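Okay, thanks for making time, everyone. I'll walk through one model today, and I'll start with a spot in a loop before we get to the helices.

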Amino acid sequence: MFRLFLALLVCAAAVSCASARTPILGEQKVEVEKMYQFVASHNPEFPREVAQAFYEIGELYGIRGDIALCQAVVETGWFRFDNGTAVRPSDHNYCGLGVKKRGQRGCRFNSVEEGVRAMLQHLYAYACKDPLPAGEALLDPRFSFVSRGVASTWEGLNGRWAMNHNYARNILAIYKRMERHTLIPPTVMTIEVAIPDEAYLEEEVLASESFFE
């Protein structure tokens with residue numbers, strides 16, 4: 001009887017742990033304007049079209065584009081592209097695609113839309129084994145290097161997308177802050193620059209300097 005009780009406890013703990021994970025695929029919960037205002041509060045030069053692209057392409061692929069934007073925040077340092085990275089804003093590379101070591105330039109894309117689409121395609125490769133949505137051209141040059149469907153949750157990217165085993169925690173911590181961000185009506189909005197909280201960007205801001213797949 002006691003063994004059965006222990007088995008049930010272990011099973012319940014496993015279910016609880018699994019349910020606590022955050023799927024990469026799913027319905028977005030933060031609207032474009034809040035996505036934009038949140039990042040712009042840390043970087044006034046952040047273009048609204050980037051937030052728009054993450055949301056719209058996220059809808060097309062069924063990906064949490066709102067969380068993916070927070071991943072890009074970690075990767076780019078609030079879209080400042082500083083901290084010694086060789087990736088430039090004009091590359092439209094928002095996740096360190098093709099960057100295997102510090103100082104390497106990585107992939108380059110022709111526009112915001114192409115860069116966001118390539119990033120979300122890479123997430124799509126990790127999250128599922130489905131074909132790309134109808135009519136979508138493959139822009140992610142590293143798509144074929146991913147074992148399709150190997151990581152359906154953000155937590156599953158730890159040690160895969162980046163060497164940092166706190167990678168998902170950092171992304172989701174920023175997302176929680178974005179959820180709590182107070183949305184200001186665009187007609188009266190003035191951007192106040194906030195100092196990035198380094199506690200949520202542990203180790204290096206550019207956490208994806210080594211792709212495992």
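So, find tryptophan 78 first: it sits in the loop between H4 and H5. Before I say anything about its backbone, keep in mind that this is a predicted model. Now, what is the phi of tryptophan 78? It's positive, about 60°, and this residue is not a glycine. As a reminder, most residues other than glycine have a negative phi. Is tryptophan 78 buried or exposed? With 1% relative accessibility, it counts as buried.

Go one along to phenylalanine 79, which is in the loop between H4 and H5 as well. Here phi is about 65°, again positive and again not a glycine. Phenylalanine 79 has a relative accessible area of 10%, and since the cut-off for buried is under 20%, it's therefore buried.

Staying in that loop, there's proline 89, also between H4 and H5. Its C-alpha is 7.7 Å from the C-alpha of phenylalanine 79, with the two positions 10 residues apart along the chain. Proline 89 is partly exposed, though, at a relative accessible area of 48%.

Okay, zooming out. The protein chain has 6 helices and 0 strands, so if you read along the sequence you get α-α-α-α-α-α. There are 213 residues in the chain, and 50% of them count as buried. As for contacts, take those with a separation of 6 or more: 67% of them are between residues 24 or more positions apart.

How confident is the predictor? The average pLDDT over the chain is 84, and 78% of the residues score at least 70. Two stretches need a warning. Over residues 4-19 pLDDT stays under 50, and the model has 0 contacts there beyond four places in sequence. Residues 202-212 also stay under 50, but for that stretch the model has 53 contacts beyond four places in sequence. Where pLDDT is low, the predicted coordinates should not be read in detail. I'd leave both stretches out of what follows.

On to the helix packing. Two packed helices are described by the angle between their axes and the distance between the axes. Let's do that for H5, which has two partners I want to show.

Partner one is H3. H3 covers residues 48-61 and H5 covers residues 112-127; they pack at an angle of about 40°, and their axes are 9 Å apart. That makes the two helices oblique to each other. H3 passes H5 in a right-handed crossing. Which residues make the contact? From H3 you have Glu49, Val50, Ala53, Phe54, Ile57, Gly58, Leu60 and Tyr61. From H5 it's Val112, Glu113, Val116, Arg117, Met119, Leu120, Gln121 and Tyr124. By class, this contact has 11 nonpolar, 2 polar and 3 charged residues.

While you look at those lists, remember that an α-helix has 3.6 residues a turn, so residues three or four places apart point the same way.

Partner two is H4. The axes of H4 and H5 come within 11 Å, and they cross at roughly 110°. The range for roughly perpendicular runs from 65 to 115 degrees, so that's what H4 and H5 are to each other. On the H4 side the contact is made by Ala68, Gln71 and Ala72, and on the H5 side by Met119, Leu120 and Leu123. This one has 5 nonpolar residues, 1 polar and no charged ones.

One more residue in H5: alanine 125. At 0% relative accessibility, alanine 125 counts as buried. What does alanine 125 touch, leaving aside residues up to four places away in sequence? The answer is Phe143, Val146, Ser147, Arg148 and Gly149. The C-alpha of phenylalanine 145, 20 residues away along the chain, is 9.2 Å from the C-alpha of alanine 125.

Last stop, helix H2, residues 32-40. How many of the 9 residues of H2 are buried? It's 9 of 9, so H2 is mostly covered. Among the buried ones are charged names such as Glu33 and Lys34, alongside Met35, Tyr36 and Phe38. And what do the buried residues of H2 pack against? They pack against H3, helix H4 (65-76) and helix H6 (167-180).

That's my tour; happy to go back to any of these spots on the screen.

Key. Residues numbered from 1 in each chain as written. Predicted model: local features only at pLDDT ≥ 70, side-chain atom pairs only at ≥ 80, totals over all residues. Heavy atoms only, no water. Axes fitted to C-alpha atoms, helices over the stretch in contact; angles between N-to-C directions. Helix = DSSP H or I, 4+ residues; strand = E, 2+ residues; numbered from the N terminus. Parallel < 35°, antiparallel > 145°, perpendicular 65-115°, else oblique. Left-handed = near helix turned anticlockwise from the far one by under 90°. Contact = heavy atoms within 4.5 Å. Buried < 20%, exposed > 50% of the residue type's maximum accessible area, 1.4 Å probe, protein only. pLDDT = per-residue confidence, 0-100.
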